[in-house]
Amino acid sequence: MQGKVEICGVNTAHLKTLSPAQMDALLIKSKAGDESARQTLIEGNLRLVLSVIQRFDKRGESPDDLFQVGCIGLIKAISNFDPEKNVRFSTYGVPMIAGEVRRYLRDNSAIRVSRSIRDVAYRVLQCKEAMLARLSREPTLEEIARELSLPPEQVSEALDAVCAPVSLYDPVYSDGGDPLTVMDQVRDHKNTEGNWMEHITLQSAFRLLGEREQQILSLRFYDGKTQMEVANLVGISQAQVSRLEKGAISAMRKNISIS
């Protein structure tokens, strides 16, 4: 993208820039309904759009498409910006532009999530934009959760589910040589030879237990139930569950040490 001169027919080498004083004056006029000032603001901040979309140039998307989407975010930022607040427009506009691009990438992603999670994510993103306009800063996860009366975990899950996927080949570090990619940082801690052997050994020791002991251990450590809950399900006392559980674990340890 950096070597591309024209995006959407716009010569990026000739994009206009505005001084801080010009920005302030035009923002006030635009807020008052001056369409000419609004158009000048859009044209004078296209470099800001260009700088934001360069963050997404390794997503495999067309730079023209990203630039158009970024311009939509810029227009929204200009419409919602409050000149009376003591904050620079770029501070407010960059997250708005980036958010619009992320929304586009999310909606066009090959990875699909459930409708219910996506609906929550849309509500979260809309709330985040509204709070950004109101607070002139990025709201925290807890603030968004309080605003929507949702648990913070649900808000975090929804945002994670709709974020743009990261390629395993994306570079995370480079010191001038071959870059270190995400793949280099990912390690399979589950399917290692040692863990497979442990799994097989535990299975073998588990199969040597009686049916009741197997049931109790499954309920306790696979289903995560308490000893009282297991006692109610099996029809014995909690003391019996505790005794059988300890005996089963002791037997498994003995069988593992023998093998």
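**Salt bridges and buried residues in a predicted model**

At 40% relative accessibility, E138 counts as partly exposed, because that class runs between buried (under 20% relative accessible area) and exposed (over 50%), with a 1.4 Å probe and protein chains only. Its salt-bridge partner is K128, with the closest N and O atoms 3.5 Å apart; a salt bridge here is a side-chain nitrogen of Lys or Arg within 4 Å of a carboxyl oxygen of Asp or Glu. The pair links distant parts of the chain, 10 residues apart: K128 sits in helix 6 (residues 115–135), while E138 is in the loop between helix 6 and helix 7. K128 is partly exposed too, at 28% relative accessibility. Elsewhere, salt bridges that share partners tie K76, E100, R103 and E129 into one network.

A word on the model itself. It is a predicted one, in which local features need pLDDT of at least 70 and side-chain atom pairs count only at pLDDT 80 or more, while totals for chains, interfaces and linings use all residues. Residues are numbered from 1 along each chain as its sequence is written, and side-chain values use heavy atoms, with hydrogens and water left out.

Within that network, the side chains of R103 and E100 meet at 2.9 Å, N to O. Both belong to helix 5 (residues 89–107), where they are 3 residues apart, or about one turn of the helix. Both ends of this bridge are tucked away: R103 counts as buried at 15% relative accessibility, and so does E100 at 10%.

Helix 2 offers another bridge, between E35 and R38, where the closest N and O atoms are 3.7 Å apart. Because E35 and R38 are 3 residues apart in helix 2, about one helical turn separates them. Here E35 is exposed, at 53% relative accessibility, and R38 is partly exposed, with a relative accessible area of 25%. Overall, the count comes to 8 salt bridges.

Helix 2 (35–44) also leads into the loop that holds N45, with helix 3 (46–53) on the other side. N45 is buried, at 8% relative accessibility. Leaving aside residues up to four places away in sequence, N45 touches L18, M23, L74 and F89, where a contact means heavy atoms within 4.5 Å.

Further along, helix 7 (residues 141–148) has E143, I144, A145 and L148 buried. Just after helix 7 comes S149, which takes a positive phi of about 55 degrees.

As for the cysteines, C71 is buried with a relative accessible area of 16%, and C127 is buried as well, at 8% relative accessibility. The structure holds 0 disulfides, a disulfide being a pair of cysteine sulfur atoms within 2.5 Å.

Zooming out, the protein has 13 helices and 4 strands; these are DSSP runs numbered from the N terminus, with helices being H or I of at least four residues and strands E of at least two. Of its 259 residues, 31% count as buried. Among contacts with a separation of 6 or more, 55% come from residues 24 or more positions apart. The accessible surface comes to about 16,400 Å², and 51% of that belongs to carbon and sulfur atoms; areas come from the Shrake-Rupley method with a 1.4 Å probe, and for residues only the protein chains shown count as cover.
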